[in-house]
Amino acid sequence: MNLAANANAALYAAMIVYTLAMLAFTWHLAARAPKVVDSKVAAEVPAQERANVLVGAGAPTTTERRPATPYAAGPGFEESLKSRQRGSIALMLTYLASALLVSSVLMRGLAVGRPPWGNMFEFATAASAAVGAAYSVLAKRNSWQWLGVFIVTPILLVLGLALTVLYTEAGELMPALKSYWLGIHVSVAFLAVAFFTLACAVGLLYLVRLRREEKPPAKPNFIESLPSSQSLERTAYSLNMVAFILWTFTLIAGAIWAKQAWGAYWQWDPKEVWTFVIWTVYAAYMHGRATAGVDHRRSMYIALAGYVAVIINFTLVNLVSTFVGMHNYSGMG
């Protein structure tokens with residue numbers, strides 16, 4: 001059982017490093033905010049100078065300006081060296097924490113000699129590892145340091161819940177889970193949830209950014225240093241699309257596994273029903289997002305409702321007796 005103890009030690013270490021990363025990301029965002037004011041002023045001065053030149057040259061006094069939102073990040077926004085350094089520190093801490101968490105999951109699997117997702121504790125830690133790994137891979141490539149605190153904080157909350165409420169000693173699988181489909185079906189579900197989580201965080205920031213673009217604040221903060229609302233919306237849509245494809249595979253693989261385990265593709269089990277509910281909600285989001293004339297903000301609300309369904313599927317369906325069914329694998333007495 002040394003491996004199981006080492007897995008727990010790595011988990012605690014990951015939480016400590018994730019906490020440091022969360023603080024570093026917050027530190028990074030604090031360094032972005034003052035630069036936003038400078039970039040706003042810098043963007044306004046050249047525009048006024050161009051207007052003065054045109055007036056002096058006898059050109060029309062009305063200058064054609066795109067109704068761009070104030071403080072819009074882009075060519076006018078330059079991240080300070082201090083902000084970049086803090087973001088790099090936070091990202092390196094996230095890499096380390098995610099590596100520790102992944103190693104904890106792997107050691108747990110080696111300790112029990114099976115895929116390490118046979119109960120709620122293992123589900124929570126493996127899903128958190130998937131989120132951390134997915135963010136780590138995408139963050140450096142896309143300069144997503146601004147997103148870090150909104151990803152690391154939920155990971156810490158889930159890991160804290162796993163250790164304090166969901167913890168289960170390493171043990172054998174339930175008979176129904178002893179199948180090669182466990183490694184296929186559940187691992188893809190973790191990846192889908194990871195992308196859904198990233199998309200949810202970006203989607204929430206999109207709504208806040210859009211609101212502040214429509215009603216510019218008197219005093220800007222780090223929100224004004226984020227990519228434009230259009231860019232955030234496109235990013236959320238791309239992440240949701242990847243997650244939706246993975247979730248579709250999860251639904252199909254689950255039906256095939258159910259046929260092998262219980263003799264039927266569909267049993268109206270609560271877990272099956274909620275898995276399909278999630279798929280339906282995100283399908284509605286994809287349809288609305290692809291339909292011309294549909295407000296992207298309304299579509300985003302549908303996507304966020306889908307993520308609420310993901311949370312319900314992970315928590316209430318597994319823990320509340322109302323949803324008792326054939327998928328009761330929480331491992332909690």
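**Burial, core and salt bridges in a predicted helical model**

Student: Is Ser128 buried or exposed, and what is its relative accessible area?

Tutor: The limit for calling a residue buried is under 20% relative accessible area, and Ser128 falls on the buried side of that limit. This is a predicted model, in which Ser128 has its place in helix H3. Leaving out residues up to four places away in sequence, Ser128 touches Leu101, Ile155, Val158 and Leu159. Ser128 is therefore described as buried, its relative accessible area being 4%.

Student: How many helices and how many strands are there in the protein?

Tutor: Read along the sequence, the pattern is α-α-α-α-α-α-α-α-α. Of contacts between residues at least 6 apart in sequence, 81% join residues at least 24 apart. The count for the protein is nine helices and zero strands.

Student: Which helix gives the most residues to the largest nonpolar core?

Tutor: This core holds 80 residues, and those that touch the most other members are Tyr18, Tyr135, Leu147, Phe196 and Tyr282. Two or more residues come from each of several elements, among them helix H1 (2–56), helix H3 (120–142), helix H5 (181–214) and helix H8 (296–314). With 19 residues, the element that gives the most to this core is H5.

Student: Leaving aside neighbours within four places in sequence, which residues are in contact with Leu147?

Tutor: Leu147 belongs to the group of core residues that touch the most other members, and Tyr135 is in that group too. With neighbours within four places in sequence set aside, the residues in contact with Leu147 are Tyr135, Ala201, Val202 and Leu205.

Student: How far apart do the end C-alpha atoms of residues 180–208 lie?

Tutor: An unreviewed UniProt entry places the feature "transmembrane region" at several spans, including residues 117–139 and 180–208. Residues 117–139 are 87% helix and 0% strand, with end C-alpha atoms 26 Å apart. Residues 180–208 are 97% helix and 0% strand, and their end C-alpha atoms lie apart by 43 Å.

Student: What relative accessibility does Ile252 have, given that it counts as partly exposed?

Tutor: Ile252, found in helix H6, is one of the residues of a nonpolar surface patch that also includes Ile256, Tyr265, Trp266, Trp268 and Phe276, with about 660 Å² of accessible area together. Partly exposed covers values between the 20% and 50% limits. Ile252 counts as partly exposed because its relative accessibility is 49%.

Student: Which residue forms a salt bridge with Glu233?

Tutor: Glu233 counts as buried at 3% relative accessibility, and its partner is also buried, with a relative accessible area of 15%. The closest N and O atoms of the pair are 2.5 Å apart. Because Glu233 lies in helix H6 and the partner in helix H7, the bridge ties together parts that are 56 residues apart in sequence, and the partner is Arg289.

Student: How many residues apart are Arg297 and Glu214?

Tutor: Arg297 and Glu214 form a salt bridge whose closest N and O atoms are 2.9 Å apart. Arg297 is partly exposed at 22% relative accessible area, and Glu214 is likewise partly exposed at 43%. With Arg297 in helix H8 and Glu214 in helix H5, this pair links distant parts of the chain, and their separation in residues is 83.

Student: What separation along the helix do Glu213 and Arg209 have?

Tutor: Glu213 and Arg209, both buried, form a salt bridge in which the closest N and O atoms are 3.7 Å apart. Because they are four residues apart in helix H5, their separation is about one helical turn.

How values were computed. Residues are numbered from 1 along each chain as its sequence is written. This is a predicted model: local features need pLDDT of at least 70, side-chain atom pairs count only at pLDDT 80 or more; totals for chains, interfaces and linings use all residues. Side-chain values use heavy atoms; hydrogens and water are left out. A nonpolar core is a set of buried Ala, Val, Leu, Ile, Met, Phe, Trp, Tyr and Cys residues joined through side-chain atoms within 4.5 Å. Buried means under 20% relative accessible area, exposed over 50%, partly exposed in between (1.4 Å probe, protein chains only). Contact means heavy atoms within 4.5 Å. Patches are made of residues with over 30% relative accessible area and no salt bridge: like charges are joined within 9 Å, nonpolar side chains (Val, Leu, Ile, Met, Phe, Trp, Tyr) within 5 Å. Accessible areas come from the Shrake-Rupley method with a 1.4 Å probe; for residues, only the protein chains shown count as cover. A salt bridge is a side-chain nitrogen of Lys or Arg within 4 Å of a carboxyl oxygen of Asp or Glu. UniProt positions are given in the numbering used here, feature names are shortened, and annotations may be inferred rather than shown by experiment.
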